[in-house]
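Me: I'd like a close look at one part of this model, the surroundings of a bound ligand. Could you walk me through it and then put it in context?

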Amino acid sequence: MSKKTLIVIGNGMVGHHFLEQLAATPAAADFEIKVFGEEKLLAYDRVHLSEYFSGSTHADLAMGTADWYAENHIDLCLGEQVTGIDRDKQTITTPMGDYGYDELVLATGSYPFVPPIKGNEHPNCLVYRTLEDLDSIRASADGVKTGVVVGGGLLGLEAANALKSLGLEAHVVEFAPRLMPVQLDTDGGALLKHKIEELGVQVHTEKATTEIVEGEDARLRMNFSDDSHLETDLIVFSAGIRPQDALARSCDLAIGERGGIVINDQCTTSDPHIHAIGECALWSEKIFGLVAPGYTMARTLASVLNGDQEAAFTGADMSTKLKLLGVDVGSIGDAHATTPGARNIRFNDEQAGHYRRMVISEDGKTLLGAILVGDNSHYDTLLQYALNGIELPEQPETLILPESQGGAPALGPDALPETASICSCHNVSKGDICGVIDAGCSDLGSVKAETKASTGCGGCAALLKNVVDSELEKRGVEVSKDICEHFPYSRQDLFNIVKVNGIRTFRTLIREHGKGHGCDICKPAVASILATCWNEHILATDHVPLQDTNDTFMANMQKNGTYSIVPRIPGGEITPDKLIVLGEVAKEYNLYTKITGGQRVDLFGATLSELPDIWEKLIAAGFETGHAYGKSLRTVKSCVGNTWCRYGVQDSVGMAITLENRYKGLRAPHKVKMAVSGCTRECAEAQSKDFGVIATENGWNLYVCGNGGMRPRHGDLFATDLSDEELIRTIDRVVMFYVRTADRLQRTSVWMENLEGGLDYLKQVVLEDSLGICDELEQHMADLVGTYQCEWKTAVEDPEKRKRFREFVNAPSKKDPVQQWTTERDQRRPLVEGEPA
Amino acid sequence: MRARISWDVVCTVDDLVPESGVAVWTEDGPVAVFYLPHRLPALFAVSHTDPFTGKNVLARGITGDLKGQPVVASPLYKQHFNLQTGQCLEDEEVTVKTYPVLLDGNNVRVEVPTVNKESAAA
Ligand SMILES: Cc1cc2nc3c(=O)[nH]c(=O)nc-3n(C[C@H](O)[C@H](O)[C@H](O)COP(=O)(O)OP(=O)(O)OC[C@H]3O[C@@H](n4cnc5c(N)ncnc54)[C@H](O)[C@@H]3O)c2cc1C
Ligand code: HEM
Ligand code: SF4
Ligand code: SF4
Ligand code: FES
């Protein structure tokens, strides 16, 4: 059978998702597939577009790879705009030529609407839709002061945040009397405006721009109909989107009155061989400006082409939950109470900045819609009530009241019907999750891998975890948190036991709360807990045997049994004199020398017995241990900051040194890394650290729980424009809360993801002191900072401790014969097995 | 020459570190001596050489017990070895050499095979 040709126009999110879905069906083999994309880049995640400004690259955002297309025999033509369709001949035209098709899919998305304001063609008038747009915005923002976003909707606020992150003073100009007029009501809009203004973005509502002219103090001036004006260097239009239906119009497909390519339930247009999906498609007179409905259309069309007669698109929920400039906003269903007879229940706490509104049916039995501003913790529960028509409790207001005022706890996963949609991005229901668990998935990770749930926008992560935990529990799978066979407790439990009972040794702990003699899992974990609680020297007799060799000998064991030495160089700042000492010591002991990724110097190849002698010399020159061996603070990386850098706005080196000296030596469940950048250009790559600090005009922005390594993760913006004192206090609290509650070997990112309530919960604990423990956390940190000692200094001064460093206790001068060396690039390195000396 | 056996004094009690190991040099090469005061017997001696890497590091591993057996975990790649039998818990095929060890007054003695030696220690 000769293959039919399938052409897809548009390589955006939905176009790509469609191909992924189709490739997974047998029908894929029936088609010769070609894709044309106007953008030069492979389909990328537009939903997370703004992350491009916080360091993500196209590769990070890309939805697939060129290899995937090649493996699936899909011919991908990027940077090639389709300019015409001939329906009679069944061909399409691009600047490169004509191509025939049997089936054609339009996935052309939409384009930003630019209101017809005089002067809007100025080169510094921009839009916010593609990576190229963002490049233009970045270029336009270079070296200037002010930026305005026209449009106070969802995207407009996101764009305003982006301008702010580029270091501009940001304004939002909205024609309507409130922000997000589609999703919010008057009170909600007012609260959002207040919160956003607190974050330093100025909001101008009820402003109609009449013209854009040359500015006096800035590049441009916007004149408003009320005779006021605003000067700005650039303008980003975000006044709504329009379906990209130009091609469909040119070949006379049916188009809606206000644009959009008309499709039926099978996603087919008025021509049976042409289909449309995503934001360009108009279904039942509705355009869907969100990605999830587009994905549903893509799945439907893939099934249709695979011969499934039943497949149908039946509409989609447009509820949204987001964080705009760090402020929670949620809108569910009929938020404006347009259903006849609908009634409202409102909760408005101006003090805390929380606004919640429920729209309920006339009979009070079902939830029709809701609006949330300032706190989205009720979103999941409300959405489930609305989507599944679950009958409301007798007193529905308990759903939005704070628990202290009689609020009901969140809807448990048990109360959800099998059909409840858990992840709308990937259309995963509770039933689907039960299905894969019955088929053998026994943890969250495998459920995610199997269903893709929670791998889209991530909004459903907490709910998914609850459902999975509860289903596993029901099936008798015990989610064991025991640290090892010696203790029936998690690390956090052990921490509490040690703290509450004042336990100071491993022996006491295992005798009273465990069994056996311990092992290499529980011993180091307990050592870390004891260090945090009592901060005694790690070579105190009782603690020596608990530690991993690196901790015991305060150096990092390398593959040949020798050690590497990393002295602390706070913030990466070092005097020439100290640098010379490092060189001299390295030379004397023939140590291989390398600059580390953490802005310090690593000296390799010291034998056990050489360690104290080397440290004696380093300490004499003023060095301290760098704790490179410990589960503790490693380095605080920094850029050079405003002392030297032309762009710097704060002293990043000074702050890095302060932080490094404050937290050095602190024992934690895993290593902790920090970095400080002197401006938004982020040369210190702070967002890849557990704690990332980025200077702003007004202070410091703090990002938390990022990491590099095997599974890199960008930190989450935690607090903005902090003073020095606020910054340190905030980090103190987060670090201490982490140290107290994390599991063994759990880095901050995983810890945070596993906190019930995630980032929002962490913010409540740390910024709002919701548990009332902040004083205690700060006090604990102050105690630790006060009792810091350089472990190496203590060790070299104590002859008893130095005894531990004898390579062979009965033969002090014996050299370990298996350590053999060769020279490479003028330095000594271990001989590889089988290599001639 | 005929191989003989000797009980060498390798160190004294003061050299030992409770719940941990020290390395000593013997006629048979490097040996790790462990002192686990809360067990009986409390002394164990195994080769100091990690069989997986050939490096002399085992005395620097963490000790403990797994399923009732006294073990040390290699500090390099964390395999566990039974201190009594030398058996590796992760890989049936691998063992470390074990040595009889005893306390003689203040002295720790390890029994090692010796070659080319005129007389055993008195
Ligand atoms: C900043 C931003 C934030 C967003 N946040 C969210 C969010 O939080 N949640 C959410 O659900 N949605 C969000 N969206 C919306 C979401 O990105 C869209 O719903 C989704 O991208 C639509 O996918 P699509 O494939 O229909 O269109 P697109 O992704 O726009 O893809 C269409 C592609 O077709 C190409 N094309 C058009 N015409 C032609 C032609 N003639 N020839 C060749 N190629 C052509 C275009 O260049 C484009 O690459 C956001 C959008 C933006 C811009
Ligand atoms: C200069 C003129 C205007 C600008 C710049 C502007 C800004 C915006 C923006 C950016 C959006 C899109 C929201 C989103 O992306 O989610 C939007 C939508 C909206 N605005 Fe305004 N607005 C203007 C005029 C008006 C007018 C005249 C009204 C009516 C009083 C109004 C009320 C609304 C409403 C109801 C929507 C939702 C429309 C839709 O369904 O997409 N706005 N506006
Ligand atoms: S991050 Fe630091 S080095 Fe980079 S531009 Fe800003 S101040 Fe300069
Ligand atoms: S990346 Fe791998 S090879 Fe390099 S230092 Fe880390 S663990 Fe070693
Ligand atoms: S709802 Fe977006 S990832 Fe699940």
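How do the residues of the shell around ligand 3 divide into nonpolar, polar and charged?

Reply: Five are nonpolar, four polar and two charged. The bookkeeping behind that: Ala, Val, Leu, Ile, Met, Phe, Trp, Tyr, Cys and Pro go down as nonpolar, Asp, Glu, Lys and Arg as charged, and the others, Gly among them, as polar. A residue makes it into the shell when one of its heavy atoms lies within 4 Å of the ligand.

Before going on, a caveat: this is a predicted model, where local features need pLDDT of at least 70 and side-chain atom pairs count only at pLDDT 80 or more, while totals for chains, interfaces and linings use all residues. Residues are numbered from 1 along each chain as its sequence is written, chains are lettered from A and ligands numbered from 1 in the order in which they are written, and side-chain values use heavy atoms, with hydrogens and water left out.

Now the names. Going along the chain, the ligand 3 shell has A:Cys639, A:Gly641, A:Cys645, A:Tyr647 and A:Gly648, then A:Ser677, A:Gly678, A:Cys679, A:Arg681, A:Glu682 and A:Cys683. The charged members listed there include A:Arg681 and A:Glu682.

For context, take ligand 1. This one has 30 residues around it, the closest being A:Val14, A:Glu39, A:Arg129, A:Glu279 and A:Val291. They split into 13 nonpolar, 10 polar and seven charged. Some polar contacts (pairs of N or O atoms within 3.5 Å) come from the backbone: a backbone N or O atom of A:Val291 sits 2.8 Å from an oxygen atom of ligand 1, with A:Met13 at 3.3 Å and A:Ala107 at 3.5 Å. Of the 1000 Å² of accessible area (Shrake-Rupley, 1.4 Å probe) that ligand 1 has on its own, the protein covers 92%. Helix H1 (13–23), strand E2 (31–37) and helix H5 (154–165) of chain A each give two or more residues to this shell, and H1(A) gives the most, with three. Helices (H or I, at least four residues) and strands (E, at least two) are DSSP runs, numbered from the N terminus.

Zooming out, chain A has 25 helices and 39 strands. Of its 837 residues, 54% count as buried, meaning under 20% relative accessible area with a 1.4 Å probe, protein chains only. Chain A exposes about 36300 Å², 48% of it from carbon and sulfur atoms.

Notes
Buried < 20%, exposed > 50% of the residue type's maximum accessible area, 1.4 Å probe, protein only. Polar contact = N/O pair within 3.5 Å; in protein donor to acceptor, adjacent residues only side chain to side chain.
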